[in-house]
2 protein chains.
Amino acid sequence: MNDLWTWHGGALDAAKRHFGESDAAWIDLSTGINPMPWPGTETLRIDWHCLPEPGALADLEAAAATFFGVEARHVCAVPGTEIGLRLVGRLIGGDASHVVPGYRTHGAMFAGSGAIARDAAADSGGTLVVANPNNPDGHILDLHAVRAARPPHDWLLVDEAFADAQPAMSVAREVSNDRRLIVFRSFGKFFGLAGVRLGFVIAPQPLLSELRAWLGAWPLSAAALAIGTAAYRDHEWAAAARARLPVSAAALDDVLKRHDLTPIGDCPLFRLVETPHAGALFERLARATILTRPFADRPHWLRFGLPADAAALARLDAALAGG
Amino acid sequence: MNDLWTWHGGALDAAKRHFGESDAAWIDLSTGINPMPWPGTETLRIDWHCLPEPGALADLEAAAATFFGVEARHVCAVPGTEIGLRLVGRLIGGDASHVVPGYRTHGAMFAGSGAIARDAAADSGGTLVVANPNNPDGHILDLHAVRAARPPHDWLLVDEAFADAQPAMSVAREVSNDRRLIVFRSFGKFFGLAGVRLGFVIAPQPLLSELRAWLGAWPLSAAALAIGTAAYRDHEWAAAARARLPVSAAALDDVLKRHDLTPIGDCPLFRLVETPHAGALFERLARATILTRPFADRPHWLRFGLPADAAALARLDAALAGG
């Protein structure tokens, strides 16, 4: 299987080249990005000419902080969670572990980071990196138990890239200057706008000061500032999305079960399936111009993002039936 | 004088609040950003939904490399030169000097960086950071003399943020894997699109591998990828801009000289003026809704960006005449 599909999701161009163009449009289920994006991008006027004003960054961080339910002084916007994870890892340094299975980048944040099973997370020493909900299996961890079991001077880094659909599970509110807790949030997944490249580090202020010295005065594009600020202020859209996503996930579950596949996961933005036929299933779906997400080190796994609508779900249903 | 004007240019919102809104639109001459931007942004379709495809980054870097006249393997795109400068400084570390007067960020790249006069640059030990053309005085340095005088194992970092108008002066072509030379290029100044946040590090490949590990797979927004690629391929526009900018700069020179101000600098994107009345001149122009760039540590200096057109130049002329 081509390494392009198993590295990260979202390599649709490569899939088109490999499997051939088709009359049918491709359905990209290879990511956990909301297929029903926040709809306001078309009406925003983006000022590409000027350097962003200093106040625009503060406005975005204030809007995001309100959305996350945290104080703005603990929020630093970054041009994508990906770079935020990597820079914070370099800033903290030292011994670290990352929970597996998990998101690949977590293992690249710290030199020599040790992979650790979820069940052993509470016993880990040094910095611990964990995603909640986890990717790709959508598992939601009881972080309170993990935190209670670990020494308070060890950093806990929680990647909440997929938490926006279930904000009650977030530990972002517990970030403070006297606690070694950092939370990462991602704009692109829940709002369905991954091309904007916008993420947030929620951390003690001294760490954010260091991070800002690495980023400089204009870390974000005019578009990320305008789109992010407007979207995070749109609490009505967010509430509707939170109501809609579980319905879409349940409809996906029904289709998967109909084809004897057992959906795994508690995050409504994607589902994992475990089957000895995962490789063949990936190929069959790709020939039907549906891209899913296989995993090189877990050949029995296949992850499905949400189909955008009933038509896409019906095409998935038909492709799962054929074969 | 308010610190907002002297920190960096481009704080127009703050100027409006401080000096009051006016019927006349503000003319922002506080930056060196081309006031006649590359015009293609309106017609590009930006895909905000998907994660950028891996090939899009490679396409941008290839287009930029051709534009710079270098090999693509030496080019790494970053979300703004500002973050590129700061991350490369952290990657290299060690003893460093930065030439003053210069760009403020150069002194923040390395911990304990020593300020050094331009005339002493050749004698500096350790890493040397220099801008060429320099900002804010537009001075063009003979880098060959500087390089010949310094030990070859010491890094030389050249910020060519304003070099696109005079590409023959660039040393980017001399970057290679066996030379400790790094060149920084900026998209926003010459193309007049600073809100895109796009810059480039041109460096030996081993250093770029480390930098890419800090940035991750998606360092750039979909807009930066689409706009940057199309603009760097538009060699016709670039040639026309290179012909037009010196004409605009000469027209600005004429107006400054008419008011007994002596324009300094060899970069056609801005001019520096030295006068004991710089502070009063800044205030007078701001009351006429024209924002220029003062400097806290050089109270006799005022920098002027290019007026966008004849009407803006005429307003500057009138404001300089008024007293």
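The questions and answers below go through a predicted model of two chains, from their interface to single residues.

Residues are numbered from 1 along each chain as its sequence is written, and chains are lettered from A and ligands numbered from 1 in the order written. Local features need pLDDT of at least 70 and side-chain atom pairs count only at pLDDT 80 or more, while totals for chains, interfaces and linings use all residues; side-chain values use heavy atoms, with hydrogens and water left out.

Visitor: How many residues does each chain bring to the contact between chain B and chain A?
Guide: Contact means heavy atoms within 4.5 Å. By that rule, chain B gives 43 residues and chain A gives 43 residues.

Visitor: What area is buried between chain B and chain A?
Guide: Buried area is the accessible area (1.4 Å probe) that two parts lose on being put together, summed over both. Carbon and sulfur atoms give 64% of it here. The total is about 3600 Å².

Visitor: Which three residues supply more than any other three of the area that chain B buries against chain A?
Guide: Their part of the area that chain B buries is 21%. They are Trp48(B), His49(B) and Trp218(B).

Visitor: Which element gives the most to the side of chain B that touches chain A?
Guide: Helices (H or I, at least four residues) and strands (E, at least two) are DSSP runs, numbered from the N terminus. The elements giving two or more residues are α2 (12-19), α4 (81-92), α7 (205-215) and α8 (222-232) of chain B. With five residues, the answer is α4(B).

Visitor: How many nonpolar residues are on the side of chain B that touches chain A?
Guide: Ala, Val, Leu, Ile, Met, Phe, Trp, Tyr, Cys and Pro count as nonpolar, Asp, Glu, Lys and Arg as charged, and the others, Gly among them, as polar. This side has 10 polar and seven charged residues. The nonpolar count is 26.

Visitor: How many residue pairs are in polar contact between chain B and chain A?
Guide: A polar contact is a pair of N or O atoms within 3.5 Å; within protein, one must be able to donate a hydrogen and the other to accept it, and residues adjacent in sequence count only if both atoms are side-chain atoms. Salt bridges (a side-chain nitrogen of Lys or Arg within 4 Å of a carboxyl oxygen of Asp or Glu) number zero across this interface. The polar count, with both residues at pLDDT 80 or more, is 18 residue pairs.

Visitor: What is the radius of gyration of chain A?
Guide: The radius is taken over C-alpha atoms, and the globule rule is 2.2 Å times the number of residues to the power 0.38. For 323 residues, that rule puts a compact globule near 20 Å. Chain A agrees, at 20 Å.

Visitor: What percentage of the residues in chain A is buried?
Guide: Buried means under 20% relative accessible area, exposed over 50%, partly exposed in between (1.4 Å probe, protein chains only). Chain A has 11 helices and 13 strands. Of its 323 residues, the buried part is 59%.

Visitor: Where are Pro133(B) and Pro136(B)?
Guide: The peptide bond from Asn132(B) to Pro133(B) is cis, with omega near -5°. Another cis bond joins Asn135(B) and Pro136(B), with omega about 15°. Pro133(B) sits in the loop between β5 (127-131) and α5 (143-149) of chain B. Pro136(B) also lies in the loop between β5 and α5 of chain B.

Visitor: Is Arg197(A) buried or exposed?
Guide: Arg197(A) lies in the loop between α6 (188-191) and β8 (199-202) of chain A. Its phi is positive, about 55°, although it is not a glycine. Relative accessibility is 9%, so Arg197(A) counts as buried.

Visitor: What separates the C-alpha atoms of Arg315(B) and Thr289(B)?
Guide: Arg315(B) is in helix α11 (residues 310-321) of chain B. Thr289(B) is in the loop between α10 (278-287) and β11 (290-291) of chain B, and is buried at 3% relative accessible area. Arg315(B) is partly exposed at 28%. The two residues are 26 apart along the chain, and their C-alpha separation is 9.6 Å.

Visitor: Which residue is joined to Ser176(B) by a side-chain polar contact of 2.5 Å?
Guide: Ser176(B) lies in the loop between β6 (156-159) and β7 (181-186) of chain B. At 17% relative accessibility, Ser176(B) is buried. The side-chain partner is Asp178(B).
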